[in-house]
Amino acid sequence: MNPRKILVSSLLFISWVALRSEDPRTYFIKNIKVVPVSGPVIESGSVLISDGLILSVGADLKAPTNARIINGEKLTLYPGFFDAYNDVSALSASSGPASPSTGVPARSAQVITGPSDRPSSNASLVLADDLRLDEKKLEAWRNGGFTHMHLVAKNGLISSRSAVVSTAPNYSDSSLIKPEAAIALGFTGGRDFASFPNSLMGSISYLRQTFIDLAYFEKQKDAYLKNPNGLVRPKYDKVLEGLASAKAQGLPLIIPVTTKPQIARTIDLASGFGFNYLLQGVQEGYQATDLLGNAKIGTLVAVKWPVEDPNTNPEDEPNLRTLRFRDRAPSTPSVFEKAGVPFAFSGDGITSTKDFMASIKLAIDKGLSKDAAIQSLTLTPAKLLGLQSVVGSIEKGKIANLVITDGEPWESKTKIKMVFIDGFKFDIPEPPATPERPTNRPNAPSGKEQS
Amino acid sequence: MKRIVYFSLIVATSLISQEILIKNATVYTVSKAGTIQKGSVLIRDGKIAAVGKDLKASSNAQIIDGEGLFLTPGIIDAHSHLAVEGGVNESSLSVSSIARIQDVINPDDKDIYRNVAGGLTIANVLHGSANAIGGQTQVIKLRYGLPAKDLIFKGAPTGIKFALGENPKRSNVTLPPGQPRRYPATRMGVMDVIRQAFTDAKEYQTDWDNFRKGKTKIAPVRNLTLEPLVEILEGKRLVHAHSYREDEIVALLRTAEEFGFKIATLQHILEGYKVAPEIQKHGAGASSFSDWWSYKIEAYDAIPHNASLMNQAGVLVSINSDSNDEARHLNVEAAKSMKYGHMSYDDALALVTLNPAKQLGIDKMVGSIEVGKDADLVLYNHDPLSVYAVPQKVMIDGKIYFDIAADAQKNLSVEKEKAELVAKLKTRTDANRPSTPGPRPNPRIGSDFFETFDQEWKEDLFCHVFNHFDNE
């Protein structure tokens with residue numbers, strides 16, 4: 001993030017704080033079970049927060065006189081939940097991010113003649129610059145205990161720089177926890193016959209060439225900036241500029257994979273990129289620990305577990321591999337836990353926090369420990385996205401993004417009672433009674449699949 | 001992991017015993033040794049250790065009784081589109097040499113197993129034919145159950161696809177509205193694209209030479225499109241050129257000679273019989289179909305005697321599948337040359353074994369049953385060139401990858417496991433199913449990015465326009 005951006009966002013932040021100055025924002029939460037995630041659980045402890053930060057955590061703290069006291073008896077305090085990777089549409093207003101307006105008419109679409117035209121590559125764009133979030137969606141995630149989310153615009157082979165935002169209401173730039181978080185890659189390029197790349201192998205080759213070009217560009221530019229006299233000036237390339245800037249900030253690449261062959265191929269490909277990278281999706285990870293375990297590659301496991309597509313022709317009998325995949329994908333987190341593969345939960349494609357928690361519950365049923373489940377929902381995503389010093393656990397000095405529940409978050413009867421975002425308290429209304437979900441899926445009429 | 005449980009029992013036995021002896025079989029060696037009645041083949045550590053009669057193996061050797069059976073070298077397909085994920089065509093550019101089949105080999109593709117069951121052990125997996133210069137090809141061994149990197153046939157020379165005629169020029173294709181027409185639109189344009197590409201490649205080669213010799217201080221940036229073309233110029237990469245008509249065949253041979261490289265194989269080459277002496281003189285191999293023709297305008301002049309006539313003219317000929325499943329009966333395709341053109345039995349069998357091995361530059365390692373070569377073998381129940389021939393056992397590197405008896409057992413266990421999983425998945429707490437559909441519904445298997453590769457438009461375009469032959 002450039003310094004001006006920091007200044008602007010801190011000014012905005014300060015003015016926001018000033019506007020709310022009638023709120024002391026000093027809370028003392030006591031008699032509560034504290035799950036700091038970074039350390040052992042405190043069965044009955046207290047947490048003091050002030051001005052949006054956590055001031056102290058302990059078993060026997062004294063409440064300062066100016067603090068508002070919250071009695072947390074029979075309740076549990078967690079760090080705010082963190083969706084490690086979701087599509088920007090999970091929060092964005094219907095039309096998604098607007099295109100940047102530069103005041104000049106856009107160049108007409110050009111015919112792609114090869115990799116140097118940088119097809120579907122948006123590394124120069126910063127998603128945070130154009131975010132328009134939907135207040136209802138923000139509220140829904142907040143009410144589910146998610147205090148911050150990593151939003152990705154999947155807009156090409158090389159996406160815009162992603163953002164970590166808080167789910168506070170009245171979205172503004174001050175909600176940005178990390179305006180530039182990562183660069184997601186994709187493998188879907190052109191959709192018609194003449195658009196490069198229009199095959200998976202073409203996309204892979206394009207990425208390989210672009211990162212070779214990047215390394216060359218960085219060297220060339222470096223030499224030119226030191227002493228331009230007598231050197232041919234490097235050609236301006238906004239995609240390479242964007243990638244170079246991301247690399248200089250230490251942003252990771254995020255690469256979507258599902259199957260084991262895709263994981264193997266991607267590790268091979270990405271190791272030549274000169275970036276840190278994370279794998280996203282990874283639902284066949286349960287059989288890929290031989291590839292991931294030793295390398296300690298960070299993963300953002302998509303918890304929208306595979307199910308039968310409701311639009312499937314009932315006469316299309318799924319093959320054994322598909323059935324095994326549906327059965328075993330939810331065991332990926334537990335397999336990763338045992339193998340020491342770092343993993344965070346990605347809600348990619350999930351739009352309801354209930355579904356998110358039910359998916360985690362299924363992973364726990366498949367053997368994931370509860371400790372690891374809460375880690376993957378809080379501290380691990382913070383670590384993988386370079387935010388471990390500001391969010392992810394209940395520790396002194398971290399942002400006061402907290403959740404108070406009356407039980408384990410993945411249990412369906414558990415209620416989220418209260419959420420703190422930047423030290424602001426949000427009481428969660430009781431959800432209206434909803435009819436019980438039917439236990440049998442309407443799309444899987446009994447007997448059909450066996451035919 | 002459990003995926004390979006199928007094989008583990010079979011594979012384990014062959015791993016433990018270092019030696020395998022196949023005895024009493026009719027052995028078609030496809031070598032000077034000819035056919036050995038009641039012959040034996042001794043396999044040690046995945047290689048053929050001895051071929052003859054009454055061979056002796058060590059006491060712990062695994063014995064396969066070939067009584068009444070027929071043993072041939074593993075079938076080799078010089079033109080396959082097997083096990084490719086995400087499309088075989090990077091069709092966008094006239095020169096798509098940047099694309100590499102090796103990047104997208106899908107070892108989970110069950111077509112691999114189906115082809116092994118048909119006796120195929122090696123496939124030259126080619127890029128599609130939409131471009132004058134297509135993507136880089138990959139020779140694989142059909143070691144089903146192993147990761148992609150272990151399917152790659154190490155030691156096989158690298159290759160590349162070229163294509164001439166209707167597919168790269170596309171002038172007879174009706175494009176969807178709004179889509180620009182890509183250069184070239186004529187056969188002479190195709191040749192121009194090739195000539196221009198190699199002119200660029202020579203320049204690139206010179207840039208690197210100058211840098212390596214210290215004439216320039218700054219290294220050129222690596223260009224992944226031109227690198228493989230430089231390898232062709234240096235004789236390090238084999239060119240497999242899709243071609244039909246006599247005029248384009250000769251034009252390509254001349255263009256290649258102009259730049260000082262050789263065409264390794266001419267693929268399809270349905271009019272090859274007209275210019276067989278020219279092909280022979282250039283030294284190119286020919287890989288054709290047995291008796292498929294008239295599926296498009298440039299395939300009207302084909303005759304089923306093509307392979308035989310080219311063979312008589314001294315051209316190295318093979319018969320290929322151009323598909324992901326036709327190779328299951330490549331032995332029968334080869335046999336057709338005996339009916340049309342009176343090819344000898346040995347020559348016909350070589351069309352799908354030794355000849356493609358020579359064309360791919362792997363004949364020192366595979367292609368015949370000779371001492372020192374890889375134990376890639378097929379054991380048939382009938383004469384291998386008969387329509388009744390069904391592989392009983394197929395071996396790659398001395399490991400059994402298909403066994404017809406084990407396969408029947410395996411099918412039972414697959415059906416059982418499927419039924420169990422269907423029942424189990426029904427009882428799974430359905431809570432994970434999103435109440436509202438996400439931005440992209442998760443496809444059956446595969447991530448959004450990999451699997452939503454919209455194959456449909458391609459298949460539409462290709463199947464309808466090219467009658468399935470756009471893969472070529």
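Mentor: Domain bounds here come from an automatic or database domain assignment. Keep in mind that this is a predicted model.

Trainee: OK, so what does the domain assignment of chain A give?

Mentor: Domain 1 of chain A covers 15-80 + 392-430, and domain 2 covers 81-103 + 111-390.

Trainee: How many Å separate the centres of the two domains?

Mentor: The centres of domain 1 and domain 2 of chain A, taken over C-alpha atoms, are 30 Å apart.

Trainee: And how many residues are in contact?

Mentor: On the domain 1 side of chain A there are 24, in contact with 28 residues of domain 2 of chain A.

Trainee: Which elements give two or more residues to the domain 1 side?

Mentor: Four strands of chain A do that: β5 (76-79), β16 (402-405), β17 (416-421) and β18 (424-427). The largest share comes from β17(A), with three residues.

Trainee: How do the residues on that side divide into nonpolar, polar and charged?

Mentor: On the side of domain 1 of chain A that touches domain 2, 15 are nonpolar, six are polar and three are charged.

Trainee: Switching to the open sheet of six strands. What's the order?

Mentor: In chain A the order is β8-β11-β12-β13-β14-β15, and the pairing is mixed.

Trainee: Which are the edge strands?

Mentor: β8 (158-161) and β15 (343-346) of chain A, each pairing on one side only. On average, neighbouring strands of this sheet are turned by 25° against each other, direction ignored.

Trainee: In what sense do β8(A) and β11 pair?

Mentor: Antiparallel, over two bridges, with β11 of chain A spanning residues 183-185.

Trainee: Which residue in β11(A) is the bridge partner of R161(A)?

Mentor: That partner is I183(A).

Technical notes: Residues are numbered from 1 along each chain as its sequence is written. Chains are lettered from A and ligands numbered from 1 in the order in which they are written. This is a predicted model: local features need pLDDT of at least 70, side-chain atom pairs count only at pLDDT 80 or more; totals for chains, interfaces and linings use all residues. Two strands pair if DSSP finds at least two bridges between them. Axes are lines fitted to C-alpha atoms, for helices over the stretch in contact, and angles run from 0 to 180 degrees between N-to-C directions. Two residues are in contact if their C-beta atoms, placed from the backbone, lie within 7 Å. Ala, Val, Leu, Ile, Met, Phe, Trp, Tyr, Cys and Pro count as nonpolar, Asp, Glu, Lys and Arg as charged, and the others, Gly among them, as polar.
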